[in-house]
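Work through these exercises with the model in view. Try each task first, then check the steps.

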Amino acid sequence: MGRRTRHGGRRHRDGDGSPLLRIAETVTDACDQLGLERFALVGLSFGGALSVRIALDRPGQVFAAMALMPWNAGGTEAGDPVIEGFHNSFRDVEAITRATGAISLEPGKTTDVVRTMTSAVTERFWRSWLGPGGGAYTSMSEELSGIAVPVCYVIGGRDTIAPQDKLIADVRAMPGGRLVFLPEAGHLAPYESPELVAREIREFIGRYATTPSPGADSAPGSSPSARPSR
């Protein structure tokens with residue numbers, strides 16, 4: 001969701017050199033090329049972490065961010081076997097099918113995940129996320145208290161990947177952070193329960209679609225506050 005300006009123009013900003021920030025820049029560069037003046041972010045899993053990263057970096061443009069079953073802001077510890085396994089499975093259809101099936105509540109509805117991961121994801125992005133020192137290992141925890149954009153985490157009670165305790169801690173650290181808990185949802189809820197997830201997205205994003213973005217100079221927490229609920 002976004003609004004275009006009359007001119008595209010790329011904006012260049014010095015980064016902190018972190019892998020996660022570099023990956024996020026691929027998204028913000030695209031937004032700049034499209035001339036988006038104001039937009040919302042919705043991301044699943046690793047995409048949820050990207051949404052938070054961009055919301056931290058672009059408070060004047062992002063009016064809301066929603067992270068579905070997100071990777072926690074603290075990242076993962078070096079040597080995590082799950083991440084290492086994915087890192088070594090680029091374009092390995094059998095391995096990715098097996099991994100996706102292990103986290104699916106309804107495998108018949110999540111075959112598109114395998115198709116996307118084995119055909120649409122570039123090796124550069126894959127390695128940047130999952131390689132040693134990559135985006136999955138980058139922490140944003142210390143920055144959360146300064147976020148100036150409304151953020152909502154959606155987590156599932158049957159998610160076997162995303163650590164609930166860490167995600168709840170993330171939300172509590174963000175001024176105005178909101179948590180939606182779906183007790184019967186798993187990690188791939190957008191595929192398995194699309195109507196339910198779409199309703200939550202419409203409700204949260206719609207709440208802020210017509211209000212001004214907080215802006216880079218706004219004090220953290222100036223957006224409406226809602227502590228963990230549901």
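**Exercise 1: Charged pairs**

Lys109 is partly exposed, at 42% relative accessibility. This is a predicted model, where local features need pLDDT of at least 70 and side-chain atom pairs count only at pLDDT 80 or more, while totals for chains, interfaces and linings use all residues. Residues are numbered from 1 along each chain as its sequence is written, and side-chain values use heavy atoms, with hydrogens and water left out.

Task: Find which side chain meets Lys109 in a salt bridge.

Solution:
- Start with the rule: a salt bridge puts a side-chain nitrogen of Lys or Arg within 4 Å of a carboxyl oxygen of Asp or Glu.
- Now look at Glu106, whose side chain meets that of Lys109 at 3.4 Å, N to O.
- Check its surroundings: Glu106 is partly exposed, at 35% relative accessibility. The scale runs from buried (under 20% relative accessible area) through partly exposed to exposed (over 50%), with a 1.4 Å probe and protein chains only.

Task: State how many salt bridges the structure holds, then examine the one between Arg127 and Glu123.

Solution:
- The total is nine.
- Arg127 and Glu123 come to 3.2 Å, N to O.
- Both belong to helix H6 (residues 123-130), four residues apart, about one turn. Helices are DSSP runs of H or I with at least four residues, strands are runs of E with at least two, and both are numbered from the N terminus.
- The general rule explains the spacing: an α-helix has 3.6 residues a turn, so residues three or four places apart point the same way.
- Relative accessibility is 31% for Arg127 and 41% for Glu123.

Task: Describe where Glu203 and Arg207 sit in helix H9.

Solution:
- They form a salt bridge, with the closest N and O atoms 2.4 Å apart.
- Both are partly exposed: Glu203 at 32%, Arg207 at 33%.
- In helix H9 (residues 194-208) they are four residues apart, about one helical turn.
- Elsewhere, shared salt-bridge partners link Arg53, Asp57 and Glu143 into one network.

**Exercise 2: A serine in a loop**

Task: Decide whether Ser104 is buried or exposed, and list its contacts.

Solution:
- Ser104 lies in the loop between helix H4 (93-103) and helix H5 (111-119).
- Its relative accessible area is 10%, so Ser104 is buried.
- Its side chain reaches the backbone oxygen of Thr100 at 2.6 Å.
- A polar contact of 2.8 Å joins its side chain to that of Thr110. Such a contact is a pair of N or O atoms within 3.5 Å; within protein, one must be able to donate a hydrogen and the other to accept it, and residues adjacent in sequence count only if both atoms are side-chain atoms.
- Setting aside neighbours within four places in sequence, Ser104 touches Thr110, Leu188 and Glu192, where contact means heavy atoms within 4.5 Å.

**Exercise 3: Helix faces**

Task: Say which residues of H6 are buried and how they are arranged.

Solution:
- Trp126, Trp129 and Leu130 are buried.
- Down the helix axis they fall within an arc of 75°, so they line one face of H6. The arc is that of the directions from the helix axis to the C-beta atoms.
- Their cover includes helix H1 (19-34), helix H2 (46-57), helix H3 (81-87), H4 and H5.

Task: Repeat the analysis for the buried residues of H7.

Solution:
- Leu167, Asp170 and Val171 are buried.
- Their arc is 95°, so these residues too line one face of the helix.
- Asp165 and Arg172, on the other side of H7, are exposed.
- Strand E4 and strand E5 (178-182) are among the elements covering the buried residues.

**Exercise 4: The nonpolar core**

Task: Find how many residues the largest nonpolar core has and which element supplies the largest share.

Solution:
- A nonpolar core is a set of buried Ala, Val, Leu, Ile, Met, Phe, Trp, Tyr and Cys residues joined through side-chain atoms within 4.5 Å.
- The largest has 41 residues, and Trp129 and Tyr153 have the most contacts inside it.
- H1, strand E2 (36-44), H2, strand E3 (62-68), H6, E4 (151-156) and helix H7 (164-173) each give at least two residues.
- H2 supplies the largest share, seven residues.
- A second, separate core has 16 residues, including Met69, Cys152, Ala189 and Ile205.
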